[in-house]
Amino acid sequence: MKILESGKLESEQGKERRKLSWKDFPGPLQGDGQDVVSILQLVQNLMHGDDDQQGHRRMQYVGEQGHMALLGHSLAAYISVLERERLRKLTTRILSDTTLWLCRLFRYENGSAYYHEDDREGLVKMCRLAINTHYEDYATEGFTLLSSKHPVIYQSAACRPGLGQHLCSQLGLPLSSLCIVPCNTMFGSLHQMDVALLDKLIRDDRESGKLPLLLIANAGTPGAGHTDKLSRLKELCVQYNMWLHVEGVNLATLVLGQVSSTVTAATKCDSITLTPGPWLGLPAVPAVTLYRHEDPALSLAAGLTSSQPVEKLRALPLWLSLQYLGHDGILQRIKHASQLSQQLLEHLKTLASIKTSVGELVFIHLVEDELNSPVVVFRFSQDNSARKFPFLGCMCLGEQLAQQVPLSGVDVVELEDEGTCVRFSPLMTAAALGTQENDVAALVEKLGEMIPVLSCTLRFRQDFKDEVLQQASLSYIEDQSWPGLGGVRYEARTTDLDEDKRQYRVERINSDLLKKLMELDTDLYFSDGPEFCEEKNCIFIGMATEDLDVAELVETIVSIGRDIEESGKLFENMTEVVRRGIQEAEQQLQKANEEKLMEEGVLRQIPLVGSVLNWFSPVQASVKGRTFNLAEGQKLFRRHGAGSDSVSDTSSVSQLEESFRETAHVQAIDAEEAEVPQEHHVHIVAEMALSDQRVPEGQETESVDTLR
């Protein structure tokens with residue numbers, strides 16, 4: 001503006017400064033921009049990286065219904081640029097259609113819908129709605145109203161971790177407003193909320209002047225897939241005027257023809273959160289919270305409704321995908337996941353009768369109704385002989401099954417009472433992975449193969465530890481996450497080294513030891529350990545079979561490690577001998593050069609002048625030789641049964657002699673010369689090789705005679 005007001009053009013110096021300032025921008029932003037092909041190529045490279053391994057699954061399975069969901073995001077961007085009135089009508093239609101379809105599919109009559117990216121955001125909005133309902137002046141007075149009557153939010157101890165803390169953080173409430181309700185300890189399921197104890201907690205809070213605000217219940221707990229007693233909880237919430245919110249994977253079974261009565265009770269609750277994305281295999285679709293409330297003003301105050309048309313376009317991907325699937329397609333996917341669970345459950349009943357020397361495989365049926373249970377949880381039950389590793393069995397089992405049958409989608413879950421278990425929840429994984437019945441069959445087959453191996457591994461694990469602790473040169477590495485016998489480290493026996501050199505030697509020995517063990521003809525698996533192992537320079541041994549000799553295995557490790565350590569010491573000693581010999585030779589050469597300079601004078605060192613002086617007055621120079629013995633210092637590290645200490649006993653010296661003979665180009669050697677002792681040969685040849693005395697012109701013959 002100053003330039004325009006003054007009418008002065010920008011100076012040349014200012015142009016140059018502005019021109020240089022463009023270099024401050026990142027490379028892709030410089031110039032006139034990038035073309036579309038280059039940008040898409042960059043995106044492709046970022047998506048796939050450098051991993052070109054065949055068979056590597058970079059992305060989840062995306063069917064035609066998934067493509068419709070992805071198309072919805074692109075269409076939403078195009079629709080957002082429409083004329084305002086047309087945009088309002090279109091978004092209203094999309095939102096009302098999707099809400100109606102979801103309410104019909106999941107049997108939630110007269111409900112409204114809130115679409116959100118974070119599956120916890122719907123619950124946050126329900127809390128805001130409950131606060132606005134119970135505190136009439138909350139919109140104007142704010143949190144000052146809460147100080148006189150603290151709100152309390154109740155949640156089951158089986159809820160997903162961190163949910164209550166997230167609510168308090170988003171609502172600005174202290175953690176004292178969160179009440180964790182324990183699960184049953186005497187009667188009923190160990191993963192269901194204790195209704196009697198909840199009733200007592202609510203009465204105590206009301207008597208202390210607090211306001212019971214909202215209760216979070218589960219229709220399928222995150223760990224075990226249990227459903228709370230929703231009918232009894234609904235009666236309790238009506239009695240104390242509380243809001244009841246339900247979430248969980250079992251809500252997906254509401255679309256089926258036959259539904260458990262405990263799950264059906266969720267349709268009478270104040271709000272439920274659905275996650276149709278993983279259930280139906282729809283990528284990047286929002287979660288949906290269905291709720292009932294009669295006051296639109298309070299819903300608007302809670303942020304559940306918006307006048308912005310773009311906010312309503314969140315439902316577009318789901319709107320397209322539901323139409324593409326139709327009722328039959330949606331029903332087929334939910335039913336398929338339930339059938340996969342039932343298939344695995346039936347097979348586990350037969351595997352549970354397999355007896356092993358350590359334990360047996362038992363399944364833990366953690367849901368009340370087997371008919372439509374979408375979650376199966378089982379574990380490896382161990383007897384007293386393997387109790388020293390309480391969760392190792394199931395941890396190994398789950399990790400191996402997930403690695404060898406990746407399409408099954410099994411994972412490891414930690415339950416409060418049962419401990420470490422293996423979970424199969426196809427409703428959350430089958431649509432994305434494309435899990436089929438043959439994958440479940442492969443899972444069962446692999447499970448049957450792993451039971452004996454796992455049994456032997458647990459039985460030999462303690463024996464392996466005891467054998468390692470008896471060896472002074474080995475250290476046992478305790479790592480409960482390693483699915484195998486355990487880990488060891490070969491410790492260097494040298495104590496005269498500083499810490500850095502000792503660590504370097506240990507690292508080198510164990511690295512070579514691992515390579516040697518991997519070359520052995522054995523069924524055992526050797527590795528450098530888990531990716532995030534705290535211990536370094538270790539060797540971990542995998543699962544074992546029945547015919548494993550643990551003592552022989554440990555002795556083999558010690559023997560190979562000892563050989564590597566001794567050969568390393570011999571090499572280091574040889575290196576030190578050669579290094580010292582070279583240093584001494586360099587010092588002698590430097591001394592010889594100084595003596596030569598003093599003997600011949602400076603003028604003889606000048607090329608042209610020196611030649612003339614040598615022609616008029618030749619210098620009678622003697623040839624001086626230097627030697628060092630490569631066999632020196634090897635007595636302490638020589639193998640048992642070696643010969644005498646002479647140089648001729650080492651093959652390295654013989655090879656050195658042959659190389660020196662070839663360098664000297666000796667054309668003929670008579671019989672007498674051949675009988676010269678090898679030690680004398682080394683001395684003479686070294687004299688010729690290491691000496692850099694120049695022979696004066698005309699005295700070549702004399703030098704040869706001197707050599708002879």
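These are my notebook entries on a predicted model, covering its confidence, one helix, one buried serine and several salt bridges.

**Confidence.** I began with the pLDDT values and noted a chain mean of 77, with 72% of the residues reaching 70 or more. I then looked up the weak stretches: over residues 362-371 the pLDDT is below 50, although this stretch has 40 contacts in the model beyond near neighbours in sequence. Residues 633-708 also stay under 50, and for them I noted 64 contacts beyond four places in sequence. Where pLDDT is low, the predicted coordinates should not be read in detail.

**Helix α20.** I turned next to α20, which runs over residues 499-518 and reaches 28 Å from its first C-alpha to its last, close to the 28 Å expected for its 20 residues. Which of its residues are buried? I listed R505, V506, I509, N510, L513, L514 and L517. Seen down the axis of α20, these buried residues fall within an arc of 165°, so I recorded them as lining one face of the helix. On the other side of α20 I found D500, K501, Y504, K515 and M518, which are exposed.

**Serine S527.** I placed S527 in strand β14, which covers residues 526-527. Its relative accessibility is 9%, and because buried means under 20%, I entered S527 as buried. Leaving aside neighbours within four places in sequence, S527 is in contact with W482, C538, I539 and F540, and also with L514, a residue I had already listed among the buried ones of α20. I also noted a polar contact between the side chains of S527 and D528, at 3.4 Å.

**Salt bridges.** I looked up the total for the structure, which is 16 salt bridges, and followed three of them.

- D119 pairs with R160, with the closest N and O atoms 3.2 Å apart. D119 lies in the loop between β1 and α6, and R160 in the loop between β2 and α9, so the pair ties together parts that are 41 residues apart in sequence. I noted D119 as partly exposed at 28% relative accessible area, and R160 as partly exposed at 21%.
- R314 pairs with E311, again with the closest N and O atoms 3.2 Å apart. R314 is partly exposed at 27%, and E311 is partly exposed at 38%.
- The side chains of R489 and E491 meet at 3.4 Å, N to O, and I entered both R489 and E491 as buried.

My last entry is that salt bridges sharing partners join D119, R160 and E247 into one network.

How values were computed:
Residues are numbered from 1 along each chain as its sequence is written. This is a predicted model: local features need pLDDT of at least 70, side-chain atom pairs count only at pLDDT 80 or more; totals for chains, interfaces and linings use all residues. Side-chain values use heavy atoms; hydrogens and water are left out. pLDDT is the predictor's confidence in each residue, from 0 to 100. Contact means heavy atoms within 4.5 Å. Helices (H or I, at least four residues) and strands (E, at least two) are DSSP runs, numbered from the N terminus. The expected span of a helix is 1.5 Å times one less than its number of residues. Buried means under 20% relative accessible area, exposed over 50%, partly exposed in between (1.4 Å probe, protein chains only). The arc is that of the directions from the helix axis to the C-beta atoms. A polar contact is a pair of N or O atoms within 3.5 Å; within protein, one must be able to donate a hydrogen and the other to accept it, and residues adjacent in sequence count only if both atoms are side-chain atoms. A salt bridge is a side-chain nitrogen of Lys or Arg within 4 Å of a carboxyl oxygen of Asp or Glu.
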